[in-house]
Each structure stands twice: as C-alpha cells, then as structure tokens.
Amino acid sequence: MKILTVAFKNLQRKKIRTFLTIGGVAIAVAVLVSLMGFDTGYQKSLTNDIDKMGYQVLVTAKGCPYEAATLMLKGGGGLRYMEQSVFDKIAKDPRIERISPQLAATEFDKDRQNGQGGIILYMGVSNSYLELKPWSKFKSGQWFSSDDADEVIIGYEAAELEQRVAGDQIFIPNLNKVLKVVGIFERTGTQDDGIMFIPLATAQRIFDLPGKLTGIGIKLKDIGSLGDFEESLYNEPGIQVISMAQVKGTIFNLVSSSKVMTNSVAIIAILIAVIGVVNTILMSVFERTKEIGVMKAIGASRLDIFHIIWLETTLICVLGGFFGEIIAILGTSLVEHIIRQTLPYAPAGKLVIITPVLLLGSFLGAVIMGLIAGIYPAFRASSMRPVEAIRSGD
Amino acid sequence: MVNILIKADRISKIYTLFAEEIKAIKDLDLEIRQGEFIAIMGPSGSGKTTLLDILGCLDKVSTGKLNVLDHDVSAFKESSLVKIRRVNMGFVFQEFLLIPTLTALENVVLPLLFSGLPQEHSKAVSLLERVGLGHRINHLPRELSGGERQRVAIARALVTTPKILFADEPTGNLDTKSGQQIFDIFKELNQKDDLTIVLTTHNYKLGLQARRIMFLKDGCIVSREESSLFV
C-alpha cells in the first residue's frame, strides 16, 4: 500500500463533493484552454484572412474603412471615395504586378438575421479581381457576361445564408433594382465569402457613384520594394496607403482590449476553483481530525500527513485538469458558434485552435494549482497534535 | 532482574483552561515492567486517559521525569515521540478509530507504511486470523460489528510488533460478551506472547482480570494491587 492509495481512497469517501470540486477545476481549466485556444486560433485565421486578400497594399480614399471588420463596426457607413483617375495613374507604375480597383457599397436589409436586419456588402470589381485572387473558384456559374451587366456573383457564405443559387434574381429594395445571380464562389475562408460581387461599372451606375472607387488592391512584383512604393504614393492627395501588415496590427489592437476582459474571466474562474479546492480539502481535514490523530498515533509523521492531504488536493486538480481539457476539446465548436454570434466580425477558418502545447501547459498549470492549493490544508492537518486530534469532539 | 520499560518520576500534567490551571496528573510515580498487564481504573475525570496518553508518548509531561525504553522523553518533541511510538507501541482506542475507507487488511498494514517497515501482508493476515477475522480481511470497517472492528484495531496495534500495547477503554463501546472476548485476546497476548499491556477501563468485572490494578483519583494513584482474579 502507498500513501497515494490512502489519499485516493479518501477522495472516494464523499463522491459528490469530490465530483463537484473536480468539476469546478475542470470548468476553470476548460475556460482557460478555450480562451487561449481562441487567442491562437483568432490570430491565425485573421492572419490567414488578410494574407488571402491577395494584395499587399490597399489604396483607399482618406478616412475610408479598409476592411470588412471596421466597415461592419461602423454599421456599414463611413465610406469615402476617390476618383478613378487615381487608379489610372498608379496602374502605370512598373513595380506593380497586379492591380484591381474596387467600389464597396453597403445596403441595409431589414429581413436579414431572422428579421433583426443586417448589412449586405456589395463590391464592385473589375476583371482583374480574379487575377489578384487566383484561388477563387466557382462553385457554380461563371464570371459576369459583360463589364456593365446587372449581374451578381455571391460569396460562399452569403449564398448559403440567403439560400441563393445561380440563376436567381436578387432585389435590392432601396435601389429598386434587380440583379441576376450568375455565379457562386467556392469557400475561400476569407471575408470575401460574405460579399456580393458586381461588375465595377454596374456598381458605379446603380449606387450612383460614377467614376468613383473606394479601394485599389495592389500586388507588387517584389515585396522588397514595398517601402519605396508606399513612399511614392504619399504625394498623392486625398488617398491613404495601407499595407496589410498594418491592418493586422489594427485588428489585433481592436481584439486585445476584449482579450483583457476574457483573460480576467479566466483568472477569476481559476481563483474560484482554487478557493473551492482549498475549502473542500480543509473541510475534509477537519472532518477527519480523529483519523489524522490516530494515524499520527500509529506512527505517521507530520510529513506523512502533509503528503496525504497534499496528494488529495493534487489528485483533484490533476483529474480536474484532465476533464477540463476534454470539455474544452469537445466544446470547441460550441465556443466557435458563440463567438461567431457575438463578435461583429469573425474571420473564417477555425477560431479556436487547441494545440498539444496548450493542453500540456494548462495541465501543468492545473497540477501547480493543486500543489499550491494543497499547502495550507496539508499544513493544518500535519500540525494537529495527536492527543488533541484523537480526543476532539469527545 | 525484570526489565523496566517505563519509569515515571513525579510526573504531572497541567492544562490551562480559561486561564485556570488544571492538574490532570499530580506528581505521580510509576514503573511498568516487561510482561505486565496493568488496568488503570477510576472515575471519569480521574486522569486515566491523560496518564495513558503520556505513558504512550502521545502527550508530553508538564513536569517530572519520564523514562520510556531508556529514553528520557520528558523533553521530547512530537517529531521525536513519533519515532518511539511507531515501532515500540501499539494503540487501541474506545472508538476503534479505523480508517473507514480502507479494508481491514489495509488498516492493519497502515502502521507498516508509516514506519517504513516491510509491508508483509502475510503478517497482517495472520494477525487478523489470530483475532478471529481471517474471513473478513477485505471488508470495510462499516461492514464489521463493533467487536470485529476492535479486533481489527488490535491487529493493527500488533503489526509493528510493539513492546507495549496501550488500550484506552477498549471495551467501552462494546456489549458485555464482545467486551469479554476482546479482554480475552489481551489476556492471551499477555500470557502467550509476554506482551506488556496497559489499559484503562471503568468496567470492574474486566479490570479486575488484569494482573495489576491501579486506582486513580484526581490525578493521583490511590491504590495499587495485584489482582487475585487473574488466571
């Protein structure tokens, strides 16, 4: 028989209490793993999302939101426009490999999101769009029949959401305009999945923005010339140049404030779990005062008693950590679902990524938590004097 | 020359309760020799249990000199007392005090775990057999009767082959028949194994069966006599 056996058997004494305490630790660990997994996952998918925009530089009118996240946060408003002449000028630059003009416009559709209403993002694009994003494939249908057709190609998710197939007619109530669905893109895992694409000229016409653009996506021949290229554009009036590296930074900043909140939640959950463990073990120590006394009488040293109680605490935390990780792994999709419902903008792809390193780290964290939580109860138990303990309650 | 195991020289035990000093044991002299079977008797509050705790190195004396197995334990701390206890002394308590989550066998093996002695299961089993529980070694304490539990406690007390067995009111929670059975085990251990036994009881019928009887009153020994009933 080992000390561990004694500790383990004691945990089986009050099964419900042990179960609840383990549950508390498990929930704390699950919260921790999910949040940290979200951290990793969100950054990764966001990076992926932005890399897959296909351009390294975006030129927009000054003050114009430059990606879907900001646009959605601003409620679809705040768009600024620049003249198409800017595009013609920049396009002559020899350092450019590909360039694609675009005109973003938003429409509020009161029927979206089960009647809550939502914003639909229309993007006017030219034929060069596909050159910039060679991975875009059609799930069905094809590219616009002409540069000025009243046609629309729908991103994968938008099509799913609206239940659209090629050949459908889409009515834009505010404009009193009907567009024909000619194609649906495959899933790209980027924000493009949620966008309705229309020919640039059509967009300029129906939204009454002749000769206007909101952005120009640019891919350079040599990424090394990015700095020089950006500098050369600073002289152009009324535009701003955004490199995608900057965009990432902006979004991460946006997310980091909410990260502070969620991390605090995780820390509080862990604190509560630790207090719960200490409380449970302490209670069980006091209930067993006589037993501890008798163990001392028959030869247990202070260290033996300390060991038993410390092991009990650690066992609870080890089991809690183990089950917490299982809960976190099983709960990934639920957490993803909730985040997608809550966040105004969530990148495509896996939002919660649980890596082996994360699992190992949080497991070790739980063990350390057990070791720390166990110190005080173990100390109390080991300090009991045998006679007083045995005769207690008489 | 008979070996003296314990020698107490004017020992006292003083408690402080609500700033008032209570002398549970008063300047008591005592010798316990190898092979003795002593019953400490007396009314409640006479200091029986306190005396037993002190002789068993579970508690410390306040004044006086106590020599246990050639150690002057008067000034010993708990960390030193436990070393003397774990290999030399066995304890049996009125409330049995078995660990409820461990089986009879595991309870008996437990002192070996703490003492760092080899955990010979055969020894534990043969002790359980000796107290008549060979068929219940894997039962939990709650599945045993009071008398059976006390027998497990006796086996537990014997597993380290102690020199002295201390029993505090060992029959106090048992009916007359079980009480006598437990007492018979003590008598047999004393006679056959020459085990020194010190117990407290306020059951005269049983107490008088010990070899030596000590009457305690207000922390003092008021009479010491050899029993005529000891067979």
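Student: In this predicted model, at what angle do helix α5 and helix α6 of chain B pack, and how far apart are their axes?

Tutor: Two numbers describe a pair of packed helices: the angle between the axes and the distance between them. Here α5 (residues 146–158) and α6 (residues 176–193) of chain B meet at about 15°, and their axes are 9 Å apart. An angle under 35 degrees counts as roughly parallel, so α5(B) is roughly parallel to α6(B).

Student: Which residues make the contact?

Tutor: From α5(B) come B:Gly146, B:Gly147, B:Gln150 and B:Ile154, while α6(B) brings B:Ser178, B:Gln181, B:Ile182 and B:Ile185. By type, the contact of α5(B) with α6(B) has three nonpolar residues, five polar and no charged. The crossing of α5(B) past α6(B) is right-handed.

Student: Which strands does α5(B) lie across?

Tutor: Helix α5(B) lies across β6 and β7 (164–168) of chain B, and its direction is at about 170° to that of β6(B).

Student: Let me turn to the sheet with those strands. What is the strand order, and how are the strands paired?

Tutor: It is an open sheet of six strands in chain B, ordered β6-β7-β8-β3-β9-β10, and the pairing is mixed. The edges are held by β6 (89–92) and β10 (220–226) of chain B; each has a single partner strand, so one side of each lacks a neighbour in the sheet. On average, neighbouring strands in this sheet are turned by 15° against each other, ignoring direction.

Student: In which sense do β3 and β9 of chain B pair?

Tutor: Strand β3 (residues 37–41) and strand β9 (residues 212–217) of chain B pair in the parallel sense, through four bridges. To find your place in the pair, look at B:Met41, which stands opposite B:Phe215 in β9(B).

Student: What about the sheet of four strands: what is its order, and is the pairing parallel or antiparallel?

Tutor: A useful general idea first: in a regular strand, side chains alternate between the two faces of the sheet. In this case four strands of chain B form an open sheet in the order β2-β1-β4-β5, with antiparallel pairing. The edge strands are β2 (20–33) and β5 (71–72) of chain B, each of which pairs on one side only.

Student: How many bridges join β1(B) to β2(B), and how many join β1 to β4 of chain B?

Tutor: Ten bridges join β1(B) to the antiparallel β2(B), with B:Tyr15 opposite B:Ile22 in β2(B). Five bridges join β1 (residues 4–17) to β4 (residues 63–68) of chain B, again an antiparallel pair. There, B:Ile6 stands opposite B:Val68 in β4(B).

Student: What lies between β1(B) and β2(B)?

Tutor: These strands form a hairpin with two residues between them, and B:Phe18 in the turn has a positive phi of about 50°.

Student: Now for the interface. How many residues of chain B are in contact with chain A?

Tutor: The size of an interface is often given as the accessible area lost when the parts come together, but a residue count is what we have to work with. Here 23 residues of chain B are in contact with 20 residues of chain A. Helices α2 (78–88) and α3 (104–115) of chain B each supply at least two residues to that side, and α3(B) gives the most, with seven residues. The side of chain B that touches chain A divides into twelve nonpolar residues, four polar and seven charged.

Student: And chain B as a whole: how many helices and strands does it have?

Tutor: Chain B has seven helices and ten strands. Its C-alpha atoms fill a box of roughly 50 × 45 × 40 Å along the principal axes. A compact globule of 231 residues would have a radius of gyration near 17 Å, and chain B agrees with that, at 17 Å.

Notes:
Residues are numbered from 1 along each chain as its sequence is written. Chains are lettered from A and ligands numbered from 1 in the order in which they are written. This is a predicted model: local features need pLDDT of at least 70, side-chain atom pairs count only at pLDDT 80 or more; totals for chains, interfaces and linings use all residues. Axes are lines fitted to C-alpha atoms, for helices over the stretch in contact, and angles run from 0 to 180 degrees between N-to-C directions. Angles under 35 degrees count as roughly parallel, over 145 as roughly antiparallel, 65 to 115 as roughly perpendicular and the rest as oblique. A crossing is left-handed if the near helix is turned anticlockwise from the far one by less than a right angle, and right-handed if clockwise. Two residues are in contact if their C-beta atoms, placed from the backbone, lie within 7 Å. Ala, Val, Leu, Ile, Met, Phe, Trp, Tyr, Cys and Pro count as nonpolar, Asp, Glu, Lys and Arg as charged, and the others, Gly among them, as polar. Two strands pair if DSSP finds at least two bridges between them. The radius of gyration is taken over C-alpha atoms; the globule rule is 2.2 Å times the number of residues to the power 0.38.
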